[in-house]
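I set out to look up one loop residue, then the sheet, then a helix that lies against that sheet. My notes follow in the order in which I looked.

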Amino acid sequence: MSKTFREVFSNLKFNDEINNVFKESTVERLSVNTNQTCFRVYLSAEHLIEKRYIFALENQIKSLVFNNKDTNVKVYEKFMLSSLYNAKYIWEQYKESIFLEMKNINVLDYQILSDADIEFV
């Protein structure tokens, strides 16, 4: 598929913040299960996108497309970053997003990670 975010979602009126964050990203694929209870968006970008924006996009798609019905919307993001991004830089720039996602997945793992001293050598 591989179309720009705007091409795929041209009929939807997202807020300006979402439009700006995702304007340079690409939608690789869309899928829905047979029961239409799970809608998936596979997204790629050449820059980091904070997890709070991913969650906001999921919520806006759910309200605009599915009218907040029982359909779960999940965005799977993939970042294709240049070699300038090393582990330390990604951690410094993206750690709040990592914490947010960990908190949503497993609170115990989140607590362990947030209390850990992270060191890059």
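I began with Ser25, which I find in the loop between H2 and strand E2 (26-32); the model I am reading is a predicted one. Its relative accessible area comes out at 1%, and because buried means under 20%, I enter Ser25 as buried. Looking for polar partners of its side chain, I noted that a polar atom there lies 2.6 Å from the backbone oxygen of Phe22. Leaving aside residues up to four places away in sequence, I listed the contacts of Ser25 as Thr4, Phe5, Leu43, Ser44 and Ala45.

Next I traced the sheet, which is open and consists of four strands in the order E1-E2-E3-E4, with mixed pairing. Strand E1 (3-4) and E4 each have a single partner strand and stand at the edges, so one side of each has no neighbour in the sheet. Between E2 and E3 I recorded antiparallel pairing over six bridges, and I saw that Val32 stands opposite Phe39 in E3.

I then turned to H3, which packs on the sheet by touching E3 and E4, its direction making about 145° with that of E4. As a check on its geometry, I took 1.5 Å a residue, by which the 15 residues of H3 (residues 51-65) should span 21 Å, and the end C-alpha atoms are indeed 21 Å apart. Its buried residues include Tyr53, Ile54, Phe55, Leu57 and Ile61, and also Lys51 and Glu58; the buried residues of H3 pack against helix H1 (5-8), helix H2 (16-22) and helix H4 (87-105), among other elements. After H3 I noted Asn67, whose phi is positive, near 55°.

Note on methods
Residues numbered from 1 in each chain as written. Predicted model: local features only at pLDDT ≥ 70, side-chain atom pairs only at ≥ 80, totals over all residues. Heavy atoms only, no water. Helix = DSSP H or I, 4+ residues; strand = E, 2+ residues; numbered from the N terminus. Expected span 1.5 Å × (residues − 1). Buried < 20%, exposed > 50% of the residue type's maximum accessible area, 1.4 Å probe, protein only. Contact = heavy atoms within 4.5 Å. Polar contact = N/O pair within 3.5 Å; in protein donor to acceptor, adjacent residues only side chain to side chain. Pairing = 2+ DSSP bridges. Axes fitted to C-alpha atoms, helices over the stretch in contact; angles between N-to-C directions.
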